[in-house]
Number of protein chains: 2
Amino acid sequence: MDNFIRVAVARDRFAIEHLLRTAGNFTDDESDVALELFDIYCGDGPTAGLQGDYPTLVCERDGRVAGYATIGKTPFTQGTWHLYFIASAANSRRAGIGRDLCAAIADFAKARGGQLLVLETSGRELYGGTRAFYAAVGFVEEGSIADYYSVGDPVVYFVWRF
Amino acid sequence: MDNFIRVAVARDRFAIEHLLRTAGNFTDDESDVALELFDIYCGDGPTAGLQGDYPTLVCERDGRVAGYATIGKTPFTQGTWHLYFIASAANSRRAGIGRDLCAAIADFAKARGGQLLVLETSGRELYGGTRAFYAAVGFVEEGSIADYYSVGDPVVYFVWRF
């Protein structure tokens, strides 16, 4: 296997920003928030550590950061985690990066008492491939709220039970 | 009507902390996070304004703060808001405080382009009264994830469409 997963460190920020800006499926607003979570996890700014923790894993491939994911223990829950962001390099698709990241996330959460992993994604047709990816990894669609992101764009809740 | 709703100001913090600690339905952990959101909205600490905004309304009754609620525009959505916390004084139940707060929240969100208001609550039997309250206000149960808070304790998503 050519993918190597490790926890992120501060010097990964440039590569992660590049991933987000070039992945093609994140708005500027989403990328900004993703980087804000990364900075809480790895940064030394005023919010570091204050808002809880957002563990971030990166996937190296051929010595470069080719994917990353940010997760977090869900507040007020005993063993629920959220997958907040996951991205892989536009030029490294079909290399199993997303699959390997998800497997590592599950191990990471399980090692800390995690029992389920939840993510929210769009129910729009455009995201059919994304939803098929999550289903292939082990997530199950367990709920939806119509017109959540905007009129005609529902949120879909995916749950992976360990 | 004896209830007067206004936006919170910094000096409401003591009364809000008292509400949370004595309401009887918040864990210490939940109260701490509720105050953290209040401090982001009203405080002058290092996180003020950094993590987005959490508008907070208080309900005065007989000149005292007898209830409060914290809401927020849901990130990445066009017109969705979340109700994060709502509490009323243990000695002022049945005074319409929760109902009046919810009506004011709806007006507040609608005036800012809000189209739906979402909240998450427990599906346990213990919270049957809480869920009946939300249903009476106008919320509809639109989804649920089993074992979310802990084994046997599902999250229920309530949605109020304006």
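Here is a short round of questions and answers about a predicted two-chain model.

User: Before we dig in, how much pLDDT do local features need here, and what about side-chain atom pairs?
Analyst: Residues are numbered from 1 along each chain as its sequence is written, chains are lettered from A and ligands numbered from 1 in the order in which they are written, and side-chain values use heavy atoms, with hydrogens and water left out. This is a predicted model, and totals for chains, interfaces and linings use all residues, while local features need pLDDT of at least 70 and side-chain atom pairs count only at pLDDT 80 or more.

User: What does chain A average in pLDDT?
Analyst: pLDDT is the predictor's confidence in each residue, from 0 to 100. The model scores ipTM 0.87 and pTM 0.89. In chain A, 94% of the residues score at least 70, and the average pLDDT is 91.

User: What kind of axis relates chain A and chain B?
Analyst: Two copies of a chain are related by a rotation about an axis and a shift along it. Here a rotation of 180° with 0.0 Å of shift along its axis superposes chain A on chain B, at RMSD 0.0 Å (a least-squares fit on the C-alpha atoms of residues with pLDDT of at least 70 in both). That is the relation of a two-fold axis.

User: And which C-alpha of chain A is nearest the axis?
Analyst: With the 180° rotation superposing chain A on chain B, we can look for the C-alpha of chain A nearest that axis. It sits 2.6 Å from the axis and belongs to A:Gly143.

User: How much area is buried between chain A and chain B?
Analyst: The contact (heavy atoms within 4.5 Å) takes 32 residues from chain A and 32 residues from chain B. Buried area is the accessible area, with a 1.4 Å probe, that two parts lose on being put together, summed over both. Carbon and sulfur atoms give 59% of it, and the total is about 2,500 Å².

User: Which residue of chain B pairs with A:Asp147 in a salt bridge?
Analyst: Side chains of opposite charge can pair when their charged atoms come close. The rule asks for a side-chain nitrogen of Lys or Arg within 4 Å of a carboxyl oxygen of Asp or Glu, and it finds 2 salt bridges across the interface of chain A and chain B. For A:Asp147, the closest N and O atoms are 3.9 Å apart, and the partner is B:Arg161.

User: Where is A:Thr74, and is it buried or exposed?
Analyst: A:Thr74 is found in the loop between β3 (64-73) and β4 (80-88) of chain A; helices (H or I, at least four residues) and strands (E, at least two) are DSSP runs, numbered from the N terminus. Leaving aside neighbours within four places in sequence, A:Thr74 is in contact with A:Thr80, A:Trp81, A:His82 and, from the other chain, B:Tyr148. Buried means under 20% relative accessible area, exposed over 50%, partly exposed in between (1.4 Å probe, protein chains only). With a relative accessible area of 6%, A:Thr74 is buried.

User: What about B:Pro75, and how far is its C-alpha from that of B:Val140?
Analyst: B:Pro75 has its place in the loop between β3 and β4 of chain B. At 49% relative accessibility, B:Pro75 counts as partly exposed. B:Val140 is 65 residues away along the chain, and the two C-alpha atoms are separated by 21 Å.

User: Which residues of helix α1 of chain B are buried?
Analyst: The helix runs over residues 13-23, and its buried residues are B:Ile16, B:Leu19, B:Leu20 and B:Ala23. They cover an arc of only 95° around the axis (taken from the directions from the helix axis to the C-beta atoms), which puts them on the same side of α1(B). What covers them includes α2 (28-42), β2 (56-61), β3 (64-73) and β4 (80-88) of chain B. So, naming the buried ones once more: B:Ile16, B:Leu19, B:Leu20 and B:Ala23.

User: Which residues does B:Glu17 pair with in that helix?
Analyst: B:Glu17 counts as partly exposed at 25% relative accessibility. One salt bridge joins B:Glu17 to B:Arg13 (3.4 Å, N to O), and being 4 residues apart in helix α1 of chain B, these two are separated by about one helical turn. Another, with the closest N and O atoms 3.0 Å apart, joins B:Glu17 to B:Arg21. The partners are therefore B:Arg13 and B:Arg21.

User: In chain A, which residues are linked in a network of salt bridges?
Analyst: A:Glu17 and A:Arg21 form a salt bridge, with the closest N and O atoms 3.1 Å apart. Both lie in helix α1 of chain A, 4 residues apart. The linked residues are A:Arg13, A:Glu17, A:Arg21, A:Asp32 and A:Asp39.
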